[in-house]
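Trainee: I have a new model open, and I would like to go through it with you. Could we start with the display?

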Amino acid sequence: MAGAARAALSIVGRPAIIDHVTTIVLPVDPQLPDPTAIARAAAVLRAGGLVVFPTETVYGLGANALDVEAVAGIYRAKGRPATNPLIVHVGTIADAQRLATTWPAAAEKLAERFWPGPLTIVLPKTSLVPETTTAGGATVALRMPSHPVARALLAASGVPLAAPSANTSTGISSTTAQHVLKTLNDRVDMVLDGGACPGGLESTVLDLSGEHPRLLRPGLIGVAELEAVLGTPIRVAAEINERQPAPSPGMMPRHYAPTVPLECVEGDATARVAEHVAKGLRVGWIVRQSRKSPQAAVVVALRNDVAGYSAALYSALHELESAAIDRIVVEMPPDESQWLAVRDRLRRASCPP
Ligand code: TXA
Ligand code: MG
């Protein structure tokens, strides 16, 4: 795969081991990506290589979802457990239908309303989808992204793209190419740098393979929005509200975690921060802007609306991870349904290794 990709890029030398490729970074306009850059990236993907690309949620680490060797490269590059299945990105509804054995009315309604966009639908897979992609499971997670770079890449490559978030396993997802390169430089063939991802949090994952729709991962599209379209209630996997392993195999308790320990505090964290400071710890404190600026080594104030907070959260975590601090304290947004995805990510980020 990386070897094939190198050949496709006419880089001299013997096909290499994936773990030591030289990553090519190509800047692209996020709205109108240069077709030449997209064609280069598509050639790498068709040859079995790994290409990181921006989506409307976070950056994805892409490979041809139907190529077992290419997909194995994703797991290697991320250090991802083989038990955690990948989301398959498609360019059209027809492409999604080819990969699923059924296309229920619920999928039709949701795709019509939310695709392209940050919704992932889980359905029984057809034999076209290799088990490596679904981690041995009988279902496949399907998503049609709306970001112009992702769409152009899907169209040019002509194959569905397996793409987990572009970060090493359990780490913070990437919303810029700089975040990607912190951990994946020289582990992927190419990065398409389309600037910051507008959404900032991952897609909502909804399981439609069973009798009732079930939320496996809260995301940018809220449960109420989905229910309004479906006209039926959605069950929320219990593990989303408790720290249990695996409603979907990849929902580990610890995930999205910075290398600096992170602590979630409900309500005012002033006293907690003061305790840390008294012990000589340098504290990074994440608050919402409505609040008066507190005293701490580093204070990051995120916007007080869900979209603004989500868009900036991972960037803030990356920034604090790189700052010389000992502890991140987050004042949690309220326990309300609109903040479900943000609170889910923060709780997982706070789990000890
Ligand atoms: O926004 C997103 O969804 C981003 C961008 C790049 O599209 N992708 C992403 O992928 O977040 P990843 O691999 O980091 O998260 C995929 C989640 C995991 O929790 C995984 O376990 C779950 O989706 N998943 C994938 N396939 C599944 C399946 N067949 N059944 C249940 N859960 C599945
Ligand atoms: Mg991820």
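Here is our talk about the chain and its ligand.

Mentor: Happily! This is a predicted model, where local features need pLDDT of at least 70, side-chain atom pairs count only at pLDDT 80 or more, and totals for chains, interfaces and linings use all residues. Residues are numbered from 1 along each chain as its sequence is written, chains are lettered from A and ligands numbered from 1 in the order in which they are written, and side-chain values use heavy atoms, leaving out hydrogens and water.

Trainee: What percentage of the residues of the protein chain count as buried?

Mentor: Buried means under 20% relative accessible area, with a 1.4 Å probe and protein chains only. The protein chain has 353 residues, and the buried portion is 54%.

Trainee: Which strand gives the most to the shell around ligand 1?

Mentor: Strands here are DSSP runs (E, at least two residues), numbered from the N terminus. A residue belongs to the shell if one of its heavy atoms lies within 4 Å of the ligand, and 26 residues surround ligand 1. Strand 4 (87-89), strand 6 (139-143) and strand 10 (214-217) each supply at least two of the shell residues. With four residues, the one that gives the most is strand 6.

Trainee: How much of the accessible area of ligand 1 does the protein cover?

Mentor: Look at the polar side-chain atoms first: one of Ser203 lies 2.6 Å from a ligand 1 oxygen, and one of Arg217 lies 2.9 Å from a ligand 1 oxygen. On its own, ligand 1 has 670 Å² of accessible area (Shrake-Rupley method, 1.4 Å probe). The protein covers 97%.

How values were computed: Buried means under 20% relative accessible area, exposed over 50%, partly exposed in between (1.4 Å probe, protein chains only). A polar contact is a pair of N or O atoms within 3.5 Å; within protein, one must be able to donate a hydrogen and the other to accept it, and residues adjacent in sequence count only if both atoms are side-chain atoms.
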